[in-house]
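Biologist: Before I plan anything around this assembly, could you take me through it one point at a time?

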Amino acid sequence: MKRAWALLRLLWAFLRRDIQIAASYRLQFFFQFAGVLSICITFFFLSLMMRRVEGGIIQLEKYGGKYFGFVLVGVAFSTYMDAALRTFAQAIRQAQITGTFEAMLTTRAKIGPLIAGSSLYAVLFTSLRTVAFLVFGALIFQQEVHLSTWPVALLFMGLTLTATMALGIFAAGFIVLFKQGDPVTAGLAGLSWLLSGIIYPKEILPHWVQQVAGALPLTHTLEAMRLVLLTGAPLEVVWGSVVYLSAFSLVGIPVALAWFIYAVGRARVAGSLANY
Amino acid sequence: MSAAVEIQGLHKSFRPRRSLRQWLQFWKGRPEVEALRGVDLVVQPGELVALLGPNGAGKTTLLKVLATLVTPSAGTVRVGGVDAIKDPDRARAQLGYVLAEERSFFWRISVRENLRFFAALQGLYGAEAARRVDEVAALLGLGDHLGRDFQDLSVGQRQRVAIARGLLPDPPVVLFDEATRSLDPGRAERVRRVIRELLVQRGKKAVIFATHDLAEARALADRVVVMAEGRIACQGLYAEIEPEIRRLFSAEAAAEDQALLRLFPDLAPAPGPEVRP
Ligand SMILES: Nc1ncnc2c1ncn2[C@@H]1O[C@H](COP(=O)(O)OP(=O)(O)O)[C@@H](O)[C@H]1O
Ligand SMILES: [Mg+2]
């Protein structure tokens, strides 16, 4: 109990620090949300064009039949993973260059809370950004968002967050070892963009490709979020994705942590914790 | 009572990153840099050691091994009786480390927020952390700077924040790496006084202070441990081993002087290492 409380306070210290840093870059903060709006506008016009044909696209029916809602959820959550991973990777890299990473490792904090705390702001802030997509979509572009099963949506938000954290910690291990060019952030973004069905329904893809896509957490988030937010689907309908994302997080976070700890151990041998 | 720091037979060799050429000529093997070649050192609680040596002697590597930032190739390291290689988490809890890198803070937040963040990493929160931050800031004359952004400080002020950070957890062992490098003489002397009188004499802490500056070593500590090329070359009272220290410092300098004089034969030979009064 006492240890859980100490852990919470430690995580809060990370969050407080990162919120203050973000608040000091006010203009960037503003542009983040302006960017969200401009993406919404782009896809709104695309969907105006799609209106002529969307009735004939049978793959869209499952998700309510309207392209704008479909793509809004797709983009909101695909940029979630992408932005969270990028923000986190950048934070680790910067900590390495300034030496704060080394400074943190000389304290009595354990490595697990250190890395989890470092990722916290990235995942929470991008969650907010994702909500902004949905709010803009609903208020400005009149997209109907089903909130009847909001606890299910919230559950998926949480599961997406933990899955992203697992991937982020895994990527951070590569950054500690190789400094630049982690394959997780770049590779995953590329694959997800192709396979997860962000701007087109994944059902268009050949069957075997869809099965590959099923291994990507984003595919499950998108499928479930669309069903929940666009058609008000209850938990039973998206149960498979709950199981997949939970399993991904439960296995992924310990594996990613072990990899990260291994990477830091290697860097300790090489004396390269603070290398560029 | 166990020694505060106990190092035996410590070796560390680094394998630097290979250049593209070395990488292609892999059959030639990989060059190694031996930073530590068998170091033995015992420091008792309440003892202040000046670790003196020219650039590249291995001082930083030795401190980083103690702080568990670098894993040694061979040897044993105990901090406060805890094996720092087998149980680095517990060893670190005994230890404050003042990095040579005074940039290692979050530049866009205030000094106070920086110190509070590192206090949290040391397990200090809320009012307790606030009190401790004010204390260490007062020790280093940073009281007026707590509200300023870290990026607005001068290099010397940043260095004092780094020293304050190392003292936050009030640990039994404190390591300083060139901690007065960028301070003006008055402030450097005040930091030495804080170390000597508050940390060591009153606090009974064990302190290792790495420096390349002969005058600083002399001003700081009774016990001087001299490192050269990864080994402990000699140790004792500064006054007693001064000739040996001068010899060590000038040996390397002489070789470099020769190279310089070959290029510019008309230059006068350099005087030996200087010790200001
Ligand atoms: N991470 C590293 N990789 C390769 N060589 C290193 C590394 N760290 C230190 N060295 C080398 O080890 C030797 C000792 O360095 P260091 O401990 O920093 O010396 P000092 O602090 O006494 O100036 C130097 O020759 C340095 O180049
Ligand atoms: Mg050094």
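**Charges, folds and a covered helix**

Modeller: In this predicted model, chain B carries 40 positive and 35 negative charges, and the mean positions of the two sets are 4 Å apart.

Biologist: How far apart do the centres of the positive and negative side chains lie in chain A?

Modeller: Chain A has 20 positive side chains and 10 negative ones. When the centre of each set is taken, the distance between the two comes to 15 Å.

Biologist: What share of the exposed area of chain A do carbon and sulfur atoms supply?

Modeller: For chain B, which exposes about 13100 Å², carbon and sulfur atoms supply 50% of that area. Chain A exposes about 12800 Å², and there the share from carbon and sulfur atoms is 72%.

Biologist: How many helices and strands does the secondary structure of chain A come to?

Modeller: Read along its sequence, chain A follows the pattern α-α-α-α-α-α-α-α-α-α-α. Its radius of gyration is 20 Å, close to the 19 Å that the globule rule gives for 276 residues, so chain A is as compact as a globular protein of that length. The count for chain A is therefore 11 helices and 0 strands.

Biologist: Why can chain B be called as compact as a globular protein of its length?

Modeller: The secondary structure of chain B comes to 9 helices and 10 strands. For its 277 residues the globule rule gives 19 Å, and chain B is as compact as a globular protein of that length because its radius of gyration is close to this value, at 20 Å.

Biologist: Among contacts in chain A between residues at least 6 apart in sequence, what percentage join residues at least 24 apart?

Modeller: Buried residues make up 54% of the 276 residues in chain A, and 48% of the 277 residues in chain B count as buried. For contacts between residues at least 6 apart in sequence, the part joining residues at least 24 apart is 68% in chain B. The corresponding value in chain A is 81%.

Biologist: Is helix α4 of chain B largely enclosed or open, and how many of its residues are buried?

Modeller: Helix α4 of chain B spans residues 111-121, and its buried residues include Val111(B), Glu113(B), Asn114(B) and Phe117(B). These buried positions pack against α5 (126-139) and α6 (155-167) of chain B, and also against α1 (2-24), α5 (100-105) and α6 (111-139) of chain A. The helix is largely enclosed by the rest of the structure, because the number of its residues that are buried is 9 of the 11.

Biologist: Which residue just after α4(B) takes a positive phi?

Modeller: The helix ends at residue 121. Just after α4(B), a phi of about 90 degrees is found at Gly123(B).

Biologist: Which residue in β9(B) stands opposite Leu52(B)?

Modeller: Strand β3 of chain B, residues 48-52, is mostly covered, with 5 of its 5 residues buried; Leu48(B), Ala50(B) and Leu52(B) point one way, and Val49(B) and Leu51(B) the other way. β3(B) pairs with β8 (residues 206-211) of chain B in the parallel sense over 5 bridges, and in β8(B) the bridge partner of Leu51(B) is Ala210(B). β3(B) also runs parallel to β9 (residues 223-228) of chain B, joined by 4 bridges. In β9(B), the residue opposite Leu52(B) is Val226(B).

Definitions and conventions: Residues are numbered from 1 along each chain as its sequence is written. Chains are lettered from A and ligands numbered from 1 in the order in which they are written. This is a predicted model: local features need pLDDT of at least 70, side-chain atom pairs count only at pLDDT 80 or more; totals for chains, interfaces and linings use all residues. Side-chain values use heavy atoms; hydrogens and water are left out. Helices (H or I, at least four residues) and strands (E, at least two) are DSSP runs, numbered from the N terminus. The radius of gyration is taken over C-alpha atoms; the globule rule is 2.2 Å times the number of residues to the power 0.38. Buried means under 20% relative accessible area, exposed over 50%, partly exposed in between (1.4 Å probe, protein chains only). Contact means heavy atoms within 4.5 Å. Accessible areas come from the Shrake-Rupley method with a 1.4 Å probe; for residues, only the protein chains shown count as cover. Lys and Arg count as positive and Asp and Glu as negative; His and the chain ends are not counted. The place of a charge is taken as NZ of Lys, CZ of Arg, CG of Asp or CD of Glu. Two strands pair if DSSP finds at least two bridges between them.
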